[in-house]
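Subject: Structure handover

Hello,

Here is the structure I said I would pass on. My notes on what was found in it come after it.

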Amino acid sequence: MTNKELSKLYHLKKEIEMQRVRIKELETIAQSCTSKITGMPHGTGISDKIGKCASQITDLKCLLDLNLKKCFFELNRLTQYIQSVDDPFVRQIMTYRYIHGFSWQKTAFSIGGSNNPYNLKMRLYRYLKNN
């Protein structure tokens, strides 16, 4: 398995977070849409801002649901692969890095000892290259 394949979960989580933020933005916009009564004549165009927001929110929620299912599938696939690794130290690196999404610095801190981010990175990439 390559680093790119192992990083899919990270990117899915980022995409899910972006979709959640966008849904909240659209819900805020939809809630703040009110009619303005000014006594002035209206323009010729008809616009349903709440309707547009509602349809976008529905579409985004469907995409979010799909991505959550993909994320669950990817987490299971990744967990099975990591459990098949015979080296417990590499398994630990992979778990922190790919399952928890830690940076190399945080991974090194979590593992502890005299490990630094560069050594962990090289150890993992060497393992991936040889297997």
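Helices here are DSSP runs of H or I with at least four residues, numbered from the N terminus. On that basis Q19 lies in helix α2, which covers residues 8-32. Please keep in mind that this is a predicted model.

Overall make-up

The chain has six helices and zero strands, so its pattern along the sequence is α-α-α-α-α-α, given that helices and strands are taken from the DSSP runs. Of its 131 residues, 27% are buried. The accessible surface comes to about 9500 Å², and carbon and sulfur atoms account for 57% of that area. Among contacts with a separation of 6 or more, 65% are between residues 24 or more positions apart.

Q19 and its surroundings

Q19 has a relative accessible area of 8% and is therefore buried, the limit being under 20%. Leaving out residues up to four places away in sequence, Q19 touches L60, L63, L64 and N67. With N67 there is also a polar contact between the two side chains, at 3.1 Å.

The nonpolar core

The largest nonpolar core holds 27 residues, and the members that touch the most others are M94, L124 and L128. Helices α2, α3 (49-84), α4, α5 and α6 each supply at least two residues of this core. The largest share, eight residues, comes from α3.

M94 is in contact with L6, Y81, I82, V85, I99, L124, Y127 and L128, once its neighbours within four places in sequence are left aside. That list includes L124 and L128, the two residues named with M94 for the most contacts to other core members.

Helix α4 and its ends

Helix α4 spans residues 88-99, and V90, I93, M94, Y98 and I99 are buried in it. At its start, a side-chain oxygen of D87 comes to within 3.0 Å of the backbone nitrogen of F89. After α4 comes G101, with a positive phi near 75 degrees.

Which residues does Y98 touch, leaving out those up to four places away in sequence? They are N3, L6, S7, L9, L78, L124, Y125 and L128. Y98 lies in α4 and counts as buried because its relative accessibility is 4%. Its side chain makes a polar contact with the side chain of N3 at 2.3 Å; you may want to look at that distance yourself. Y98 and K8 are 90 residues apart in sequence, with their C-alpha atoms 8.6 Å apart in space.

I99 also meets helix α3 through L75. L75 is found in α3, and at 31% relative accessibility L75 counts as partly exposed. Outside the residues up to four places away in sequence, L75 touches L9 and I99. The C-alpha atoms of L75 and I99 are 7.2 Å apart, for a sequence separation of 24 residues.

Aromatic pairs

How many aromatic pairs does a search of the whole structure find? The search gives two. One is Y96 with F102, a stacked pair with 5.5 Å from centre to centre and 15 degrees between the planes. F102 is at 17% relative accessibility and so counts as buried. The other is W104 with Y125: the ring centres are 6.1 Å apart and the planes stand at 85 degrees, so this pair is edge-to-face. It links distant parts of the chain, as W104 is in helix α5 (residues 104-111) and Y125 in helix α6 (residues 117-130), 21 residues apart.

Are the two partners of that second pair buried or partly exposed? W104 counts as buried because its relative accessibility is 11%, whereas Y125, at 27%, counts as partly exposed. The cut-off behind this is that buried means under 20% and exposed over 50%, with partly exposed in between.

F102 has a further neighbour over its ring: K106 lies over the face of F102, at 4.5 Å from the ring centre.

Regards

Note on methods
Residues numbered from 1 in each chain as written. Predicted model: local features only at pLDDT ≥ 70, side-chain atom pairs only at ≥ 80, totals over all residues. Heavy atoms only, no water. Buried < 20%, exposed > 50% of the residue type's maximum accessible area, 1.4 Å probe, protein only. Contact = heavy atoms within 4.5 Å. Areas by Shrake-Rupley, 256 points an atom, 1.4 Å probe, with all protein chains shown as cover. Polar contact = N/O pair within 3.5 Å; in protein donor to acceptor, adjacent residues only side chain to side chain. Phe/Tyr/Trp six-rings, centres within 6.5 Å; stacked < 30°, edge-to-face > 60°. Lys NZ or Arg CZ within 6 Å of the ring centre and 35° of its normal. Core = buried A, V, L, I, M, F, W, Y, C linked by side-chain atoms within 4.5 Å.
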